[in-house]
Structures are given as C-alpha cells and as structure tokens.
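User: I've got a model open and I'd like to go through the labels attached to it. Can you walk me through the reasoning behind them?

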Amino acid sequence: MRIGELARLTGVSTRLLRYYEEQGLLQPARTTAGYREYGEEDTVRVWQVRSLLAAGLSTRVIAELLPCATGPVPVLEACPDLLATLRGELADLDARIDDLSRSRRVLSQYLATARDPIEEHAA
C-alpha cells in the first residue's frame, strides 16, 4: 500500500508517517519509481508507535523498544536492556511530576497571598 492508504488506515497524517521514517520507526520498501510501499505489518507498527508515544516515550526510546514489541497494543517482550530503559523513563517521569508538583505548590502560595487591586478598590 502507499503512504496515503497507510495514513487512512491508521489515522496518522502522511507528514507524520514520513517523520516516523526519518526517526527509523518505519522502513518502507521503495518502488522503482521511488514511491514508498507499506505492508500490513506497517499498520501494526504505526499503532505500536502511537501507543508508545501516548506513554510519553520519545521516538529515540521507541526506536530502541520496537524490536521487542508484538501486537498493536503493543506487548513488550523481554529484550536486552528493555527493563532498564523503561525503569529509567519511569524515574525521569516521576522526577518531572515532583518538579511540577513543587512548582504548583509555590504558585498556589503566591496566588493565595497576592492582592487583587480590583477587589481592594471595591472595598
């Protein structure tokens, strides 16, 4: 199938599919005229990429994990370094959540103590 058909089947734009190819996430065959040719397995691959992106993983990490992925959801098989990579990503996410929670607390304190000149003028 051509890129337009893959886009239609997966709901992913052709531009994004070309980006996935640039990132090494898709490797379509080429016709003699240079057109991209995709197989049914590429439909599953796009769904895998979308699912892993939704988990907050970067395309760099996804490229490492895709050889371990089976099925559209995907299920990740035990590949070398898979668990270490996922644990590292989870630790990074936890650290970002902690930073955001801290920032939220400080901002809430500023908001709680800030004076509204409109309310003061009305009083």
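Analyst: Sure, this is a predicted model, and we can take the labels one by one.

User: Let's start with the cysteines. What makes C68 and C79 a disulfide?

Analyst: The sulfur atoms of C68 and C79 sit 2.2 Å apart. The cut-off is within 2.5 Å, so the pair qualifies as a disulfide. A search of the whole structure turns up one disulfide.

User: Which parts of the chain does the pair link?

Analyst: Distant ones, eleven residues apart. C68 is in the loop between α4 (59-65) and β3 (69-70), while C79 is in the loop between β4 (75-76) and α5 (82-113).

User: Why is C68 called buried?

Analyst: C68 has a relative accessible area of 5%, and buried means under 20%, so C68 earns the label.

User: And why does C79 count as partly exposed?

Analyst: C79 comes in at 24% relative accessibility. Partly exposed covers what lies between buried, under 20%, and exposed, over 50%, so C79 falls in that middle class.

User: What does C68 touch, leaving out residues up to four places away in sequence?

Analyst: C68 touches V75, L76, E77, C79 and L82. On the other hand, the C-alpha atoms of C68 and R36 are separated by 25 Å, with their positions 32 residues apart along the chain.

User: On to the core. Which residues have the most contacts inside the largest nonpolar core?

Analyst: That core has 20 residues, and the ones with the most contacts inside it are L17, Y20, L26, V46, I62 and L66. Four helices, α1 (3-10), α2 (14-22), α3 (40-54) and α4, each supply at least two residues of this core. Y20 makes a good example: not counting residues up to four places away in sequence, Y20 touches V12, L25, L26, V46, V49, R50 and L53.

User: How do you know that the buried residues of α1 line one face of the helix?

Analyst: The buried residues of α1 are I3, L6, A7 and T10. Looking down the axis of α1, these residues fall within an arc of 100°, so they line one face. As for partners, the buried residues of α1 pack against α2, β2 (36-37) and α3. Just after α1, G11 takes a positive phi of about 75°.

User: Is D42 in α3 buried or exposed, and how do you know?

Analyst: D42, which is in helix α3, has 9% relative accessibility. The cut-off for buried is under 20%, so D42 counts as buried. Leaving aside neighbours within four places in sequence, D42 is in contact with L6 and L26. The C-alpha atoms of D42 and L26 are separated by 7.1 Å, although the two residues are 16 residues apart along the chain.

User: What about T43, buried or exposed?

Analyst: T43 also lies in helix α3. At 5% relative accessibility, set against the limit of under 20%, T43 counts as buried. T43 touches M1, L6, L9 and T10, not counting residues up to four places away in sequence.

User: What puts S101 in the partly exposed class?

Analyst: S101 has 32% relative accessibility. Buried needs under 20% and exposed needs over 50%, so S101 is partly exposed. S101 lies in helix α5, and S101 and L83 are 27 Å apart, C-alpha to C-alpha, with 18 residues of separation in sequence.

User: Now the backbone. What is flagged about the phi of D81?

Analyst: Phi of D81 is near 70°, a positive value in a residue other than glycine. D81 is in the loop between β4 and α5. At 59% relative accessibility, D81 passes the mark of over 50%, so D81 counts as exposed.

User: Where is the cis peptide bond, and what is its omega?

Analyst: The cis bond runs from V73 to P74, with omega near -10°. P74 is in the loop between β3 and β4.

User: Last one: which residues line the largest pocket?

Analyst: L52, A55, G56, L57, L76, L86, E89, L90, L93 and R96 line the largest pocket, which has a volume of about 160 Å³. Helix α5 supplies the largest share of the lining, five residues.

Methods. Residues are numbered from 1 along each chain as its sequence is written. This is a predicted model: local features need pLDDT of at least 70, side-chain atom pairs count only at pLDDT 80 or more; totals for chains, interfaces and linings use all residues. Side-chain values use heavy atoms; hydrogens and water are left out. Buried means under 20% relative accessible area, exposed over 50%, partly exposed in between (1.4 Å probe, protein chains only). A nonpolar core is a set of buried Ala, Val, Leu, Ile, Met, Phe, Trp, Tyr and Cys residues joined through side-chain atoms within 4.5 Å. Contact means heavy atoms within 4.5 Å. The arc is that of the directions from the helix axis to the C-beta atoms. On a 1 Å grid over the protein atoms alone, a cavity is a set of points where a 1.4 Å probe fits but cannot get out, and a pocket is an open set with protein on both sides within 12 Å along at least five of seven lines; lining residues have an atom within 4 Å of a point. Grid points are joined across faces, edges and corners, and a volume is the space filled by probe spheres set on the points.
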